[in-house]
Amino acid sequence: SSGINAEYGGRLGENIHARGGFFYKLDQPNISSCSYIHRRTTSNFPDLSLGSIGSLAIFENLEDRSVGTVIAQHIVGSENCDNLLDQPLLQDESVTIGQLCKQHEFKILDFCRFSAQ
């Protein structure tokens, strides 16, 4: 939190504080993560992406990270994260998240959706 405030707080003229967090230890070669933050940039700070909503997903045997990013985007765009595997993919409603996992032979181990309120 203090590092974020030191780097961007003064430039933005805001006092930035992290209210919570989480930690995942990805110490196995077949475990990976993908994240997505719904971004909003400003012309004054093109290197700083501001986002009020995001997600993190943990996968087993995910080979194509672009598929993981699509799922992370789905988590952000979905208002209901219950029964994730049964949900039609927002980018292609003809396929469910579970079918996508089966097609690409990977598992979703965990995920979270977060927002700044």
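The following paragraphs examine helix H3 and two histidines, His74 and His38, in a predicted model.

Helix H3 spans residues 97-104, and its buried residues are Ile97, Leu100 and Cys101. Viewed down the axis of H3, these buried residues fall within an arc of 100 degrees, so they line one face of the helix. This arrangement can be set beside a general property of helices: an α-helix has 3.6 residues a turn, so residues three or four places apart point the same way. The other side of H3 carries Lys102 and Gln103, both of which are exposed. The packing partners of the buried residues of H3 are helix H2 (65-77) together with three strands, S3 (88-89), S4 (92-96) and S5 (107-115). Just after H3, the backbone at Glu105 adopts a positive phi of about 60 degrees.

Helix H2 contains His74. The relative accessibility of His74 is 2%, which is under the 20% cut-off, and His74 therefore counts as buried. Leaving aside residues up to four places away in sequence, His74 touches Leu84, Gln87, Pro88, Leu89, Leu90 and Ile97. One of these contacts, Ile97, is also among the buried residues of H3. The side chain of His74 also places a polar atom 3.2 Å from the backbone nitrogen of Leu90.

The second histidine, His38, is located in strand S1 (residues 31-42). His38 counts as partly exposed because its relative accessibility is 45%, a value between the cut-offs of 20% and 50%. His38 and Ser55 are separated by 17 residues in sequence, and their C-alpha atoms lie 9.0 Å apart in space.

Conventions: Residues are numbered from 1 along each chain as its sequence is written. This is a predicted model: local features need pLDDT of at least 70, side-chain atom pairs count only at pLDDT 80 or more; totals for chains, interfaces and linings use all residues. Side-chain values use heavy atoms; hydrogens and water are left out. Buried means under 20% relative accessible area, exposed over 50%, partly exposed in between (1.4 Å probe, protein chains only). Helices (H or I, at least four residues) and strands (E, at least two) are DSSP runs, numbered from the N terminus. The arc is that of the directions from the helix axis to the C-beta atoms. Contact means heavy atoms within 4.5 Å. A polar contact is a pair of N or O atoms within 3.5 Å; within protein, one must be able to donate a hydrogen and the other to accept it, and residues adjacent in sequence count only if both atoms are side-chain atoms.
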